[in-house]
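Colleague: Got a minute to walk me through this one? I'd like to start with how the helices pack.

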Amino acid sequence: MTTLDKSQTAQIQRPGARFMFSHPAHILAQGFGSGLSPTVPGTMGTLFAWLSFNIFSDRWPAFFTPWNWLLIIAIGFVAGIWACHITGKNLGAADHGSMVWDEIIAFWLVLVLVTPAGAQAQTAAFLIFRFFDMVKPPPIRYFDQRFKGGFGVMFDDIVAAFFSLLCIALWGSW
């Protein structure tokens, strides 16, 4: 392990646009800048996912079909493993808070599987997903601690998406 001087430590704690634009992996991992928020970057990444999902789906419905979204999510998951690995390595923190591509991919998955859904249902999905992503109850915490690197960063959010969808399904069945 290398020692870091004070300026490098500050960069690791709060990377900025200069860091993000220094490598394509950083742009993706940091959610096109949504992860650079000084407060609640994971929530900002999830909000970016929500906004982009609705804009793309409304603007280009012939392309952004549920099947195409699933393909985009699968490709995005694989690309996210690479991007989060590189970005975490360059930041010196395997799962740095500014990396939000995992939230984006996972919440797109939630949205594509609850759509069509109105604003109220999407808001509920957002809140449920954020709960599971932030609190990381078992078994999400297990996967968060067990799997490392880019795969670990991406996978625990997919598990959070699964539990969000499970809660939504159970709620809908009542």
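**Helices, rings and odd backbone spots**

Modeller: Helices α5 and α9 cross in a right-handed way. Keep in mind that this is a predicted model.

Colleague: Which residues make the contact between them?

Modeller: On the α5 side they are G76, F77, G80, I81, C84 and H85. On the α9 side they are G150, F151, V153, M154, F155 and I158.

Colleague: How many of those are nonpolar, polar and charged?

Modeller: Eight are nonpolar and four are polar. None is charged.

Colleague: And the geometry? How near do the axes come, and at what angle do they cross?

Modeller: The axes come within 7 Å and cross at roughly 135°. That angle makes α5 oblique to α9. For reference, α5 covers residues 66–91 and α9 covers residues 149–173.

Colleague: New topic: aromatics. How many aromatic pairs are there?

Modeller: The count is 25 aromatic pairs. Take F143 and F147, whose rings are stacked. Their centres are 5.9 Å apart, with 5° between the planes.

Colleague: Are those two buried or partly exposed?

Modeller: F143 is partly exposed, at 21% relative accessible area. F147 is partly exposed too, at 28%. Buried would mean under 20%.

Colleague: Which residues form the aromatic cluster?

Modeller: Six phenylalanines and four tryptophans would be a mouthful, so here are some: the cluster includes F32, F48, F53, W60, W69 and W108.

Colleague: Where is F32?

Modeller: F32 is in the loop between α3 and α4. Its phi is positive, about 55°, although F32 is not a glycine. Most residues other than glycine have a negative phi. F32 counts as partly exposed, because its relative accessibility is 48%.

Colleague: What about K136: what is its phi, and is it buried or exposed?

Modeller: Phi of K136 is near 50°, again a positive value in a residue other than glycine. K136 is buried, with a relative accessible area of 16%. This lysine sits in the loop between α7 and α8.

Colleague: Last one. Which peptide bonds are cis?

Modeller: One cis bond joins T115 and P116, with omega about 10°. Another runs from P138 to P139, with omega near 5°. Most peptide bonds are trans.

Colleague: Where do those two prolines, P116 and P139, sit?

Modeller: Both are in loops. P116 is in the loop between α6 and α7. P139 is in the loop between α7 and α8.

Technical notes
Residues are numbered from 1 along each chain as its sequence is written. This is a predicted model: local features need pLDDT of at least 70, side-chain atom pairs count only at pLDDT 80 or more; totals for chains, interfaces and linings use all residues. Side-chain values use heavy atoms; hydrogens and water are left out. Axes are lines fitted to C-alpha atoms, for helices over the stretch in contact, and angles run from 0 to 180 degrees between N-to-C directions. Helices (H or I, at least four residues) and strands (E, at least two) are DSSP runs, numbered from the N terminus. Angles under 35 degrees count as roughly parallel, over 145 as roughly antiparallel, 65 to 115 as roughly perpendicular and the rest as oblique. A crossing is left-handed if the near helix is turned anticlockwise from the far one by less than a right angle, and right-handed if clockwise. Contact means heavy atoms within 4.5 Å. Ala, Val, Leu, Ile, Met, Phe, Trp, Tyr, Cys and Pro count as nonpolar, Asp, Glu, Lys and Arg as charged, and the others, Gly among them, as polar. Rings of Phe, Tyr and Trp (its six-membered ring) pair if their centres lie within 6.5 Å; planes under 30 degrees apart count as stacked, over 60 as edge-to-face and the rest as tilted. Buried means under 20% relative accessible area, exposed over 50%, partly exposed in between (1.4 Å probe, protein chains only).
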